[in-house]
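Okay, thanks everyone for coming. I'll keep this short, so have a look at the structure and then we'll walk through it together.

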Protein chains: 2
Amino acid sequence: MRRYVPPLEDMLFVIERVLHAPGQWATLPGLADPGIETARHVLAEAGRFAAEVLAPLNAVGDREGCAYADGRVATPTGFAAAYRAYVDAGWASLGCAPEWGGQGLPHLLEAVIQEMLVSANHAWSMYPGLLHGAYACLAAHGDAALKARYLPRLASGEWLCTMCLTEPQAGSDLGRIRTCATERDGAYVIDGGKLFISGGEHDLTDNIVHLVLARHPGGPPGPRGLSLFLVPKILPETGQRNGVYCDGVESKLGIRGSATCSMRFENARGWLLGEPCKGLAAMFVMMNAARLGVGLQGVAHGEAAYKHALRYARERIQGRPVPGIAAGTDPVPIALHPAVHASLAAQRCAVEGARMLAYWTAQLLDESEYAASPDQRRHAHERLALLTPMVKAWATRAGFEVADQALQVFGGYGYIEETGAAQALRDSRIPPIYEGTNEIQAVDLLVRKVIADGGAAYGRLLDELEAAARHDGQGLEQQAVQLDALAAHRRLLADIVQDSARDPGYPYRAADDFLRATALLCLGRWWLKVLALSREGGAAPRGKAATARHFFDTVLPGIAHVEHRIRCARRALPELDDCD
Amino acid sequence: MRRYVPPLEDMLFVIERVLHAPGQWATLPGLADPGIETARHVLAEAGRFAAEVLAPLNAVGDREGCAYADGRVATPTGFAAAYRAYVDAGWASLGCAPEWGGQGLPHLLEAVIQEMLVSANHAWSMYPGLLHGAYACLAAHGDAALKARYLPRLASGEWLCTMCLTEPQAGSDLGRIRTCATERDGAYVIDGGKLFISGGEHDLTDNIVHLVLARHPGGPPGPRGLSLFLVPKILPETGQRNGVYCDGVESKLGIRGSATCSMRFENARGWLLGEPCKGLAAMFVMMNAARLGVGLQGVAHGEAAYKHALRYARERIQGRPVPGIAAGTDPVPIALHPAVHASLAAQRCAVEGARMLAYWTAQLLDESEYAASPDQRRHAHERLALLTPMVKAWATRAGFEVADQALQVFGGYGYIEETGAAQALRDSRIPPIYEGTNEIQAVDLLVRKVIADGGAAYGRLLDELEAAARHDGQGLEQQAVQLDALAAHRRLLADIVQDSARDPGYPYRAADDFLRATALLCLGRWWLKVLALSREGGAAPRGKAATARHFFDTVLPGIAHVEHRIRCARRALPELDDCD
């Protein structure tokens, strides 16, 4: 069975030394500054919970999956008890506002804890995964009565919740939603079917609160006719069952312990959240946090898979020593074989890089919410708009790729389910798909965020990266690599903006590679910071500076080919096959 | 359910126009030249068998898996009947020599048929998958009595066979094998346990012939003490059960319909194949063909996954038209969205490129066996030694990557088992692992084949690629791209040979990327040929030339970064984490 050991050393290294987060907390007036000692304590405790309670249920959940019968869903053995333990220990309420019973902790710490829960047990973490998003949505859009009735129950985790968006014909394209609301006696009634609803039905809580996107009565067709409704499974006013039914659970590649439900709303009582026909906007309130949360799933998968492979590679004896390594060691653990060593080094570089990107973004989420001046908040929002799709797509891809490389380290044993490496591959494949596919993130970044204002906001991000490189990189040979890459990227950006005006299809073809280039430059910023820190001295995880050098040697130079492909995307794509 | 439609047009395009195989067959005296009409007919029939008999069992086999009880293995519903149909139609004997009841068809045609069987149903294809290898091994190393007793039964497919190599402590490192042979009454008795034995037990045939690697009595420790033994499940002389037992089947990530068995040999009667203590050499007779066979599995997975995604993308309606595409089409099939189109174009380029590499190698296998002059045969052997590990690693990786990209095209539906895209991802993950992991192939190529003779044989391969580029590329702008890449690679090769003499660990660190560079240059050769053919005119699959241009625009230039990493590998790898 795969163990989980929370990587507290690296997490705290990023929080404290790379991002200087504790110093920032003190400057954010709206935030309940926990102080670094409390933060360390909270993370250590969360890590213990993840390792001791959740990780042992990871393989069980995969093996058993969820059982469906007669509208009810039984979660795997131990999942409900673990959820009670989670609620009892107060983990559900960490990020919620104190007025609703929460503890108002920074998003950054929530993000770190999210990483831990997912590393230990992705499937289980799906149940409370939407709690904070639904809480934030209700806090922003609910009226006083709704808030009073639901927020304390959500903040405590007593009730869980879902987001009901997808329908068979409406996946990436929510404008095609057919589920509709009708007005009856001054209230709303919801009818329609929803697909792929995580936690749509389960046995963890007595009530489940569904946030449902549905056509507003009399609204226009397409996305502008959608409103967001709160639809509880049990009506709290009366304790009666609402018209919400689960018709089945999907058999999935991974996260099998998470109930992915087909839902049916029949004559279900619902409450409008936000303005009529502004359902997408109401939902987008939680979009940045939700997408960052999925990005963190990528970090979590990468972390768990890398450490799993590393432990195995140090134990597994196979082969004779290769010239130049392991002199005098025969037999040798496979970690000493160069191909395995190189794979593990690449895995580490990917995981720790993605972690810096995700935590940085979480820190900006705190700034966007709690900073004193509107300018600071605006600045943080501008950055978040650019970084969130990048982190979602880059980190989830990195998580899957690391899980894939980790599986390879196990050789034939990786292909056997018993080892756990195969489950990691399967579980890690969903984050690149849900919460907007990675391709949609890339279009969001380039078309909607970069091109839309002629590259102005993105240019300011590049200014920040350049200033950081000039500051952190002083006297480091890697500074020039980063600065040259930034300069080349600026030239490319100008061309993209210009060419897109002539050919509006171009940025759609270039989007995936553009997102990759953005991620590489952002990674360059933080790996340069790591090198600067290691020159300053002070404690750092073993091999950290060498990993940073590895990034500048072998990863960042790949940006040249990525940008070559961006230029090639100016041409039309080749025709595809005929096919029967 | 995923359908399979054999891509006969592209297969024949490669066989006839790219490789001019029918012309070559006529020049190989040892080969029963089928002629192109017969070849077309055989392939069309094989395609029909794969599509109509095997493909419908692909999802069933995955769902049911193999059932183990009391030493017996039940294969999934329909597998045994399909195998009988396969034998009855004479497919098992295609490549075997006429003297043993076979039809002596070219390896190239066998390769194409292998691609079809695996595309339709990889798990099922595992059962007859080792037949030809075991046949060839026995034909080369068995004495007359053994051959007479076993070869006709293997050639006809009446009996199936296995390769029993792996043990728990001996995976990539066969020198650690413990299973041992003892001499008793002038015969051999085998005792020991074997792991991950494909088709070790099943209900398809009455007898199963195991080729077992075991320690020779009195032999030295390590790989030089191993002999190869033929150990039948049923002793044909008496009809009695031999001491061969199956203790269980593995629960695997994919190819679940293939029985991966733990085998136990207890006092089992065995016959020596080849010389005592030359077991590895005896087994290596079938190594090139077996590795090429696994490479073809990569082609097969890529082909099936790409076409599956292409069909879906043309049917699935989602989203509004993007500027510059699909003007006037609303709603649009997702195949018209640039991100999906680009992914499908990349998939096609990967599949059709890998197919050219694999078929080329199969053609060389025919030349190495049947060419008139020893020089020609030697030349073909030299090429095969270089190309086989490259095809095994490159094509299997391509197959998995295409399956991964194809799954992404399905969005959320790709993550649901019902669609079949998830099974493709799972099934396609084993070829990069078995028959020597891809990392072992890379070391085989660079350390054992390239460095060992100072790059001489490899230099001759580069000469061939250069001559082809000068000939085929005349007047094409892509000629310069290919010639520049070849020139840069030659300079790098000289440095690698030199640097490896000083630091023997270096090529081990550079091997994976070296194999990638080799593959890209070989692909360049054949895509240039495709461009030359399209300039000549004549029928070619739709979009073929555009796909070739796409390769030179967006894929081949990546070699610069690959070779940059090869140079970086001269430095030591970064230290890895501490981990508990």
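I'll start with the contact between the two chains and then move on to one helix.

Just so we're all on the same page, this is a predicted model. So, how many residues does each chain bring to the contact? Chain A puts in 88 residues, and chain B puts in 88 residues. Between them, chain A and chain B bury about 8000 Å², and 58% of that is on carbon and sulfur atoms.

Now the polar side of things. We get ten salt bridges between chain A and chain B. One of them, if you want to click on it, pairs the side chains of R256(A) and E417(B), at 4.0 Å from N to O. There are also 44 residue pairs in polar contact across this interface, with both partners at pLDDT 80 or more.

Which element of chain A gives the most to the side touching chain B? That's helix 11, residues 338–370, with eight residues. And if you sort that whole side of chain A by class, you get 38 nonpolar, 21 polar and 29 charged residues.

Okay, over to chain B and helix 15, residues 456–472. With 17 residues at 1.5 Å a residue, helix 15 should span 24 Å, and its end C-alpha atoms are 24 Å apart, so that agrees. Its buried residues include L461(B), L462(B) and L465(B), and also D472(B). So what covers them? Among the elements over the buried residues of helix 15 are helix 11, helix 12, helix 14, helix 16 and helix 17 of chain B.

Terms used
Residues are numbered from 1 along each chain as its sequence is written. Chains are lettered from A and ligands numbered from 1 in the order in which they are written. This is a predicted model: local features need pLDDT of at least 70, side-chain atom pairs count only at pLDDT 80 or more; totals for chains, interfaces and linings use all residues. Side-chain values use heavy atoms; hydrogens and water are left out. Contact means heavy atoms within 4.5 Å. Buried area is the accessible area (1.4 Å probe) that two parts lose on being put together, summed over both. A polar contact is a pair of N or O atoms within 3.5 Å; within protein, one must be able to donate a hydrogen and the other to accept it, and residues adjacent in sequence count only if both atoms are side-chain atoms. Helices (H or I, at least four residues) and strands (E, at least two) are DSSP runs, numbered from the N terminus. Ala, Val, Leu, Ile, Met, Phe, Trp, Tyr, Cys and Pro count as nonpolar, Asp, Glu, Lys and Arg as charged, and the others, Gly among them, as polar. The expected span of a helix is 1.5 Å times one less than its number of residues. Buried means under 20% relative accessible area, exposed over 50%, partly exposed in between (1.4 Å probe, protein chains only).
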